[in-house]
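I opened my notebook to go through this structure entry by entry. The notes below follow the order in which I looked things up.

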Protein chains: 2
Amino acid sequence: MSVTSAAGFSASGIAAGIRSSGKLDLALVVNTGPHRTAAGVFTSNRVKAAPVRWSEHVLAGGELAAVVLNSGGANACTGSEGYRDTVATAARTAASLGVPPGQVAVCSTGLIGQRLPMPALLVGVDAAASALSTAGGEAAAQAIMTTDVRPKNTHVRSAHFSLGGMAKGAGMLAPSLATMLCVLTTDAVVEPATLDKALREATRLTFDRLDSDGCMSTNDTVLLLASGASGHQPSITSFTDALTAACQDLATQLLADAEGATKDISITVASAASEADALEVGRSIARSALLKCALFGNDANWGRVLAAIGTTRAQFDSERLDVAINDVWVCRSSTAAASRSTVNLTEREVRIQVDLHSGIEQATIWTNDLSLAYVHENSAYSS
Amino acid sequence: MSVTSAAGFSASGIAAGIRSSGKLDLALVVNTGPHRTAAGVFTSNRVKAAPVRWSEHVLAGGELAAVVLNSGGANACTGSEGYRDTVATAARTAASLGVPPGQVAVCSTGLIGQRLPMPALLVGVDAAASALSTAGGEAAAQAIMTTDVRPKNTHVRSAHFSLGGMAKGAGMLAPSLATMLCVLTTDAVVEPATLDKALREATRLTFDRLDSDGCMSTNDTVLLLASGASGHQPSITSFTDALTAACQDLATQLLADAEGATKDISITVASAASEADALEVGRSIARSALLKCALFGNDANWGRVLAAIGTTRAQFDSERLDVAINDVWVCRSSTAAASRSTVNLTEREVRIQVDLHSGIEQATIWTNDLSLAYVHENSAYSS
């Protein structure tokens, strides 16, 4: 299972010397057709990396022939020179593949504020083009890893079409979009407008609901390429369902590999007056540093949950909040209920449920604990 | 220097047995007049502790004879029983002192969700009343400490009047108001409306600009009591200036004692289109877990600053941002300038300057780094 699991795609991952470690650092994904339909969603950070601005621009045409991705540098905050580096990367890729430069998206990940080593990168593009193979998806997924411990791949099969995908991301996971690069592929026949709509819906329900550390990246990119190689045109519903499953699979892998995390925490806010209320409350809880430290310490400190809920504008009665941690209702009507000592927090998975008693909507946000390893890893990141 | 440094006040701090450690845990501050003018500001958290709701209620009368404060329990999320505990505490204090219960404010700090040990607390109130003294301010400041390492006291002297004060707070420092209790006293003659206006202005410029860990408390309270014992009525300007100095002194002490912090970080955002823009950008930077980890690791990772700025709605051109860390302009026009390796981060004090090139307003936010000790302390807080 990988980005080449869907028919009509080849990929490669090579070591171009961008990373001093000598690890794989350049990936190429090519759509061999017959169609080249594509859609993308990007970080909402106003400080956008050069490759994000370029890829948004080329996506306006609705077609992509290839995506070239590098680790070892984000090419963010690199000025007009950095943008020219991205354009040169797309141009070299286009020349190697014999496709228009305006159909080549570029993704970069790594440290902000440093230029990429362009001579090595451009030679690497040619090498990556030579290494393309329908079995190259796994190498591509490895080449985009930064602090990721494991590569993330997915494959969702429907009766008449297939979806493949890869992602990277470990720190800086926050909406909208985690710090992540993600390339999804499908051999379904999909109209451009449908592809765009399906991708926005799938990311809204999956990646946008990961909030690992509240930090929003400059480089987040999710691209979806459709080759049409299956010859089958699914309904928008069945296509969106399969795409959402692929995104959820990758999102779960991102959460499980978050920097230094020892807990995977789901926060489900129910009986909300609106989905927006449920999301606001869920995100507020997911961003409580004090709660995340408490859970790292296996402490079912529900007072931290109530303090976080109280900072929101959601509709609720502050005397009628219920909170369960791992199915034990430790707080009923905003006061202590079952003893917190009865909550078993020894497993990695933690489920927090909040009942707002204000309506019928609900939403789930996923986050991690705040651990000693997170601080350690991020205090030594760029050194 | 303490809460009894202003004429017309006595105080005490005793061990009532609320904390199992046997430390001082109950404080009393009494205004001996001739005036009893008072003002207060409280947490904007919608989940408010019982003592906050009670004290907001009694402050509506504009007069306070006394403030009774306990550590060892926040009396938050304790339902109607918890509220009755607060009322009983005020009533017992009033009876001990011979003042109206409606002129006694109550403050509590400690773990959320547990009832206070009322028999011990009520006996303690009588003992605290017996121990009142014009030299009791320092004991009072010790009795309200929780995870604080040091007590926080202040004394600001003007030509004709004086201000005293004490505060507690170490974790959960966030706007609006840090997790803190603060009692300020003055012997100036001040009208109720002036007192309220001066307190709101002073807290807006000091406590509200501390953002240690982005977590907003259920119990934050700042009270200001004026005895009029000096017989002098200062202008609102000179009174507000002196009050702001007292609040700034206490705010600086809170920052220096923040849980696990190894850096005191000031973030000054200049050339903003509005003060609100400068504050939004400053708070966004102060809440970047990734930046705070980097500074803990002595890493001048300015890319984290730009990523944080990009999440705001403030007016700026994303290609024209300048950032200095400890006076080294590591980022000019949103790209690398002076080498980050030239930034000296060995001192506790860190100064971050941001130039938005969008106007003439500016504001400063104070925060701390995110350290291994912060995670350790908060993962073991309630156990």
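How many salt bridges does the rule count over all chains? I noted 32 over all chains. I keep in mind that this is a predicted model.

**Entry: the interface as a whole.** I turned to the contact between chain B and chain A. I found 53 residues of chain B in contact with 53 residues of chain A. The two chains bury about 4,100 Å² between them. Carbon and sulfur atoms account for 62% of that area. I then asked which residues of chain B lose the most area to chain A. They are Arg46(B), Leu290(B) and Val375(B). Together these residues make up 16% of what the chain B side buries.

**Entry: polar links across the interface.** I looked up the salt bridges between chain B and chain A and got two. One of them pairs Glu319(A) with Arg53(B). Their closest N and O atoms are 3.7 Å apart. The distance falls within the 4 Å cut-off for a salt bridge. I also recorded 10 residue pairs in polar contact across this interface, both residues at pLDDT 80 or more.

**Entry: what chain B brings.** I listed the elements that give two or more residues to the side of chain B that touches chain A. They are α8, α9 (302–309), β13 (335–336) and α10 (372–379) of chain B. Which element gives the most to that side? I found α10(B), with six residues. By class, I wrote down 24 nonpolar, 21 polar and eight charged residues for the side of chain B that touches chain A.

**Entry: a helix pair between the chains.** Next I checked helix α10 (residues 372–379) of chain A against helix α8 (residues 289–296) of chain B. They pack at an angle of about 70°, with their axes 7 Å apart. I therefore logged α10(A) and α8(B) as roughly perpendicular to each other. From α10(A), I noted Tyr374(A), Val375(A), Asn378(A) and Ser379(A). They meet Ala289(B), Leu290(B), Cys293(B), Ala294(B) and Phe296(B) in α8(B). I sorted the residues of this contact into seven nonpolar, two polar and no charged. Leu290(B) is in this contact and is also among the residues of chain B that lose the most area to chain A.

**Entry: a salt bridge inside chain A.** I looked at Asp196(A) and Arg200(A), whose side chains meet in a salt bridge at 3.1 Å, N to O. Why are they about one helical turn apart? I saw that they are four residues apart in helix α5 (residues 192–205) of chain A, so about one helical turn separates them.

**Entry: backbone oddities.** I reminded myself that most residues other than glycine have a negative phi, and most peptide bonds are trans. In chain A, I found a cis peptide bond joining Gly33(A) and Pro34(A), with omega about 15°. Pro34(A) sits in the loop between β2 (26–31) and β3 (37–42) of chain A. In chain B, a cis peptide bond joins Gly33(B) and Pro34(B), with omega about 15°. I placed Pro34(B) in the loop between β2 (26–31) and β3 (37–42) of chain B. Asn75(B) is not a glycine, but I read a positive phi of about 50° there. I located Asn75(B) in the loop between β4 (66–70) and α2 (79–97) of chain B.

Note on methods
Residues numbered from 1 in each chain as written. Chains lettered and ligands numbered in written order. Heavy atoms only, no water. Axes fitted to C-alpha atoms, helices over the stretch in contact; angles between N-to-C directions. Parallel < 35°, antiparallel > 145°, perpendicular 65-115°, else oblique. Contact = heavy atoms within 4.5 Å. Nonpolar A, V, L, I, M, F, W, Y, C, P; charged D, E, K, R; others polar. Buried area = accessible area lost by both parts, 1.4 Å probe. Polar contact = N/O pair within 3.5 Å; in protein donor to acceptor, adjacent residues only side chain to side chain.
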